[in-house]
Amino acid sequence: MIYYSTNNGAKPVDFKTAVIEGQPADKGLYFPSDIPKLEKDFLRKDDSISREELAFRILQPYIGSAIPEVRLQEIISHTLSFDFPLVQITHSIWSLELFHGPTLAFKDVGAKFMSSCLGYFVKEIQKRVVVLVATSGDTGGAVANGFYDVEGIEVVILYPEGKVSEVQELQLVTPGKNITAIAINGSFDDCQQMVKQAFTDPGLNAKMLLTSANSINVARWLPQQLYYFFAYQQWPTNEAPIFSVPSGNFGNLCAGILAYSSGLPVKQFIAACNANKVVPDFLETERFEPRPYVSTLSNAMDVGNPSNFIRILEIFDHNLPELKKMLVSYSITDDETKAAIKFAHDRYGYLLDPHGAVAFASLQKYQQQVSDSKGIFFETAHPVKFYDTVRSITNKEIDMPASVKGLFSKQRSGLKMEKNFASLKDLLLTER
Ligand SMILES: *Cc1c(COP(=O)(O)O)cnc(C)c1O
């Protein structure tokens, strides 16, 4: 498979180069030159095809000869080490639970897949390979877990001190080994600024291959298609489902639209957003206007310039009328988010986290307009990750999964640093 840049200013590359580079030099995004079409029999909803086999058949064309088939099969089984259950909540609403992975966030799949691919490619790279990321919470945990102990790769994660939840911080500072977590005395924006400066620093780039693990990397983006196929395999009716997806940087939703272009039956996509509503506004005004993000309860979706949206436009060949037939979008306020958490708990005994709640509320809004429609929303994080918020709304204790309980007794190995690029550069130049 060949990947071209959405800005058309960089030369096309194969999967391997797209993964190692992350982003093309012209600052576009890598996009597959051809979207494979699936055979009909393949989507039968029975047990004749295993999850792993389904995943292999979907992903293999995107990887081509960059990874041998046997190795790819191993990477897929390693990535899919947990369940993705579809749970019925009301007579017309189902939850696809994507939080059963090691860090209880849906980003676990993308992070594991990417780390395994990079771990395979790294053997042929002569320089030190350092993955550098800034995180406001969920990304860092998934990356730390996904890359833990991957041979030949060092990981450095910056996060704003005091601004991530306790569980999130533990997920960063307890792995140790090849994972270095640094609490920066500053904001998330300060962390991002330091990371950006590192990527353009000639001194650093001469010494090491610095790469990012953010959601624009094709190896993090592409495997997210699998959620939609797994949902469909468990979908109990014959109608095509509606998918309501809690969206921030739009990687997840964009992967769903890719699955649909390959032949997955879908009736409607809903982009479920919080107060950060660049995309809901775009679908109304047809003007894409990035702006500074605002903070909300669903903080993993606090994004003011959703970078993956360009890939959605690319799938639809920038044909807005066609796009608008398949995609609607809602902006949900924090009050509506809280109301959804309370409603789902009091009425149906189901605990939502703030991100899933935005998707649940969006699906309800859609169903008020289109009666008799059945849909799936994605529950992207375990409610325990947002313990204080969910607890104060529902008055209910939340059971801690064993993986979280264990974190409290582990040794912590995090570092602290001022928001100062020179200190980061010194640290990166020191081999660990
Ligand atoms: C990252 C994240 C999202 C948003 O996903 P995008 O692919 O960036 O749109 C939603 N929910 C949770 C819990 C997340 O961590």
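Colleague: Which atoms of the ligand and of K107 form a polar contact, and at what distance?

Modeller: A polar contact is a pair of N or O atoms within 3.5 Å; within protein, one must be able to donate a hydrogen and the other to accept it, and residues adjacent in sequence count only if both atoms are side-chain atoms. Here, an oxygen atom of the ligand lies 2.5 Å from an N or O atom in the K107 side chain. The side chain of D138 has an N or O atom 2.9 Å from a ligand oxygen, and a polar backbone atom of N252 is 3.0 Å from an oxygen atom of the ligand. This is a predicted model: local features need pLDDT of at least 70, side-chain atom pairs count only at pLDDT 80 or more, and totals for chains, interfaces and linings use all residues. Residues are numbered from 1 along each chain as its sequence is written, and side-chain values use heavy atoms, with hydrogens and water left out.

Colleague: How many residues surround the ligand, and which are the closest?

Modeller: A residue counts as near when one of its heavy atoms lies within 4 Å. The ligand is surrounded by 15 residues, the closest being K107, G248, N249, F250 and T380.

Colleague: Why is helix α5 described as largely enclosed?

Modeller: Buried means under 20% relative accessible area (1.4 Å probe, protein chains only), and helices are DSSP runs of H or I with at least four residues. Nine of the ten residues of α5 (138-147) are buried, so the rest of the structure largely encloses this helix. Among the buried residues are D138, G146 and F147.

Note on methods:
Buried means under 20% relative accessible area, exposed over 50%, partly exposed in between (1.4 Å probe, protein chains only). Helices (H or I, at least four residues) and strands (E, at least two) are DSSP runs, numbered from the N terminus.
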